[in-house]
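Visitor: I would like a close look at one part of this protein. Please take me through the largest pocket and what lines it.

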Amino acid sequence: GPFLILAVALISLLGIILSLTVLSGGTVKGTGKLLFNFAAFLLISSGFLIWFFGAVHSDVDSYIKENRLKTDGIYSWTRNPMYTGLWFVLIGILLLFHNLWTLLFIPIEWILLSMVLKRTEERWLKELFGEEYERYCKKVNRLLPIKW
């Protein structure tokens, strides 16, 4: 978990460094800058809230100890609220640099998160919970908190 978030944070850092150097031509000004700031504020604040409701307010620890699948609360919106929350915060930080090129790093991070989660946690949870987890996956998105 921490290594995956570190990898995503390093991709964001690379995006920031590039946006300040070789990709500085993509910097937006005026209304575009305001839109980036507004989107950054929304993503950072919602990211912290999603993370909080997934990590602190969800009682997920008791579900883990009792070997039960958590599917209610924030977990009915996204299967990975802690990753989603931190990812949203990182996207928001990227947007604070007001550079169109940084937008290219968002799908790269999403692909990395999706690939690693599919090959690790999701595989493990499928083995552990079987059909119950498969039904849950059909109803709840991996990262984006969108109801189907």
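Guide: What follows describes that pocket first and then a pair of packed helices. The model is a predicted one. The volume of the largest pocket comes to about 470 Å³. Its lining is made up of 20 residues, and those nearest the centre are Val60, Ile64, Tyr75, Glu121 and Leu125. Four helices each give two or more residues to this lining: α3 (60–65), α4 (81–95), α6 (121–129) and α7 (131–139). Of the elements, α6 supplies the largest share, with five residues. By character, the lining of the largest pocket splits into 14 nonpolar residues, four charged and two polar.

Next comes the helix pair. Helix α1, residues 2–20, packs against helix α5, residues 105–119; the axes are 10 Å apart and the angle is about 165 degrees. An angle over 145 degrees counts as roughly antiparallel, so α1 is roughly antiparallel to α5. The crossing of these two helices is right-handed. On the α1 side, the contact is made by Leu4, Ala7, Val8, Ile11, Ser12, Leu14, Gly15 and Leu18. On the α5 side, the contact is made by Phe105, Ile108, Glu109, Leu112, Leu113, Val116 and Leu117. The residues in this contact are 12 nonpolar, two polar and one charged.

Methods: Residues are numbered from 1 along each chain as its sequence is written. This is a predicted model: local features need pLDDT of at least 70, side-chain atom pairs count only at pLDDT 80 or more; totals for chains, interfaces and linings use all residues. Side-chain values use heavy atoms; hydrogens and water are left out. Axes are lines fitted to C-alpha atoms, for helices over the stretch in contact, and angles run from 0 to 180 degrees between N-to-C directions. Angles under 35 degrees count as roughly parallel, over 145 as roughly antiparallel, 65 to 115 as roughly perpendicular and the rest as oblique. A crossing is left-handed if the near helix is turned anticlockwise from the far one by less than a right angle, and right-handed if clockwise. Contact means heavy atoms within 4.5 Å. Ala, Val, Leu, Ile, Met, Phe, Trp, Tyr, Cys and Pro count as nonpolar, Asp, Glu, Lys and Arg as charged, and the others, Gly among them, as polar. On a 1 Å grid over the protein atoms alone, a cavity is a set of points where a 1.4 Å probe fits but cannot get out, and a pocket is an open set with protein on both sides within 12 Å along at least five of seven lines; lining residues have an atom within 4 Å of a point. Grid points are joined across faces, edges and corners, and a volume is the space filled by probe spheres set on the points.
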